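Got your viewer open? Let's walk through a few selections, one stop at a time.

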Amino acid sequence: MPKPSPTPAASPNRRPWRFLLVFALAYAGGTMGYLPLVAFLLPIKVAAIAGDARIGLFTATALCGTLSAILANLLFGWLSDRSVARGGGRRGWMVGGVLATAAAYGLVLVANTPVTLVVAVVIFQGAVNAILAPMLAIMADEIPDAQKGLVGGLLAFAYPLAAGLATIVVGMARHGEAAQLAVIVLAVAICVAPLVLTPAQPAPAPTEPPPPRSLTQHDLRIAWLARLLLQAAGNSLTLYLLYYFQSLEPNTPPLVLAGYAGHMLTLAYVLPLPFAILIGRLSDQLGRRKPFLLGSAVLTALGLTLMALASSRTAGAVGFVTYALGSEIFLALHAVFWMQLLPSARHRGRDLGLLNLANTLPALVGPVLAYAFATPGDFGGLLSLLAALTLCGGLAMLAIRGRR
C-alpha cells in the first residue's frame with residue numbers, strides 16, 4: 001500500500017496572509033495615531049487657544065512637530081537596530097511608543113497655552129514615531145521580497161481608515177476632547193497589538209549576491225531623491241487643494257468648494273487601493289518594479305498637467321484623481337523597492353529613518369514652492385513645475401542599477 005505524500009512545508013520565502021494583514025492593520029494603527037489629530041483636532045485646538053493668531057501658532061506647532069518627527073524616526077530606528085543586535089527585537093519599542101502616545105495625548109488635552117501646546121505636539125510626534133520607525137524595520141526584516149509589493153499595496157488602506165476614524169472622532173465633539181483623544185488611543189492600541197503579539201520571524205536573506213557598497217549608496221541616493229520629488233508635489237496639493245479650486249471658480253462660495261475638495265481627497269484615498277494591491281502583486285510575480293514605478297510617475301505627471309490646463313472645477317477634479325492614482329501606486333511600490341536596496345540588515349531601522357527624510361522634508365519644501373510659483377488666481381506655474389519634477393523622479397528610478 002503506497003504511503004501518503006507528506007504535506008508540503010510552507011515556503012520560507014513567503015509569509016501567510018494572516019501576518020500580511022496583521023502588519024497592514026498595525027501600519028493603519030500607526031497612521032491613526034497622528035492623522036486625526038494633525039489634520040482635524042489640532043487646528044481646532046490651536047484656534048481655541050490663539051484665536052486670531054492661530055495661523056502663526058499652527059505654523060510654529062507644525063514646524064516643531066515635523067522636526068521632532070524627523071529626529072524621533074532616526075532615533076527609534078537606530079535604537080531598534082541596537083535591540084536586534086543584542087538578541088532582542090523591535091516590538092518592545094512599539095509597545096513603548098503606544099504608551100508614550102497615550103501619555104502625549106494627555107499632554108495635548110491639558111495644554112492651554114501656546115507654549116504647552118507646542119511642547120505637547122513635539123512629544124506626541126516623538127511618541128508616534130517610536131511606533132512607526134521600528135514597525136517599518138519589521139517589514140524589511142520579516143516580509144520576504146517576493147511579498148513586499150503586495151504588502152505595499154495593502155498599506156495604502158491606512159489613510160482611508162485613518163480618515164474614517166478622524167470623521168468619527170470629529171463627530172464626537174459633543175462628548176468632549178478627552179473622549180475624542182481616548183478613542184484614537186484605543187484604536188491605535190487595538191490595531192498595533194496583533195503585530196506586537198506575533199513572534200518575530202526574520203525573512204531569509206536574498207539569494208542573489210549583494211551589489212558593491214558604492215553602487216548601493218548610489219541607488220539609495222537616487223531612490224531618496226525620486227521620493228522627495230513625488231512627496232513635494234503631494235504636500236503642495238494637499239495643503240492648497242481648496243485654494244486651487246477657488247482659482248478655477250472664484251465666484252463659488254468657499255463652503256461649497258471646501259465640501260468639494262473634501263470629496264476629492266476622500267476619492268483620492270480610496271480609488272487607488274485596488275490598483276495598488278494588484279500592481280504590487282504583479283510586480284512581486286514578475287520580480288520587476290522599475291517599469292511600474294516609471295509608469296505611475298508618468299500618470300502622476302499627466303494628472304498634474306491636466307490640473308495646470310484645467311479651466312473648470314470638473315476638469316481640475318479629473319486631473320487631481322489621475323494624479324492621486326499615479327502617486328499612490330508610485331509611493332506604495334517605492335516604499336518596498338527601497339527596502340530591497342538597504343545595504344545591511346544590521347542597520348535597517350537607522351537607514352529607513354534616513355530615507356524617511358524624503359517623506360518629512362516635503363512638509364517644508366512644498367509650502368516654499370507654492371509661495372514662489374502660485375498666486376491666488378493661478379496655480380498653473382506651480383502645477384507645471386510639479387509635473388516636471390514628478391516626471392524627473394520617475395525617470396531617475398531607471399538609473400538604479402543594483403536591483404531590478
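Start by selecting Leu278 and Gln285: both are exposed (over 50% relative accessible area; buried is under 20%, partly exposed in between, with a 1.4 Å probe and protein chains only) and sit on the face of H10 turned away from its buried side. This is a predicted model, where local features need pLDDT of at least 70 and side-chain atom pairs count only at 80 or more, while totals for chains, interfaces and linings use all residues. Residues are numbered from 1 along each chain as its sequence is written, and side-chain values use heavy atoms, leaving out hydrogens and water.

Now flip to the other face: Pro272, Leu273, Ala276, Ile277, Gly280, Ser283 and Asp284 are the buried residues of H10. They cover an arc of only 135 degrees around the axis (taken from the directions from the helix axis to the C-beta atoms), so they lie on the same side of H10. Just after H10, click Gly287, which has a positive phi near 70 degrees.

Next, the rings. Searching the whole structure turns up five aromatic pairs (Phe, Tyr or six-membered Trp rings with centres within 6.5 Å; planes under 30 degrees apart are stacked, over 60 edge-to-face, the rest tilted). Select Phe320 and Tyr323: the centres are 5.9 Å apart and the planes at 35 degrees, so this pair is tilted. Both residues are buried.

Then pick Tyr244, Phe245 and Phe379, which ring pairs link into a cluster.

Last stop: Arg15 lies over the face of Phe19, 3.8 Å from the ring centre (the test is CZ of Arg or NZ of Lys within 6 Å of the centre and within 35 degrees of the ring normal).

Terms used
Helix = DSSP H or I, 4+ residues; strand = E, 2+ residues; numbered from the N terminus.
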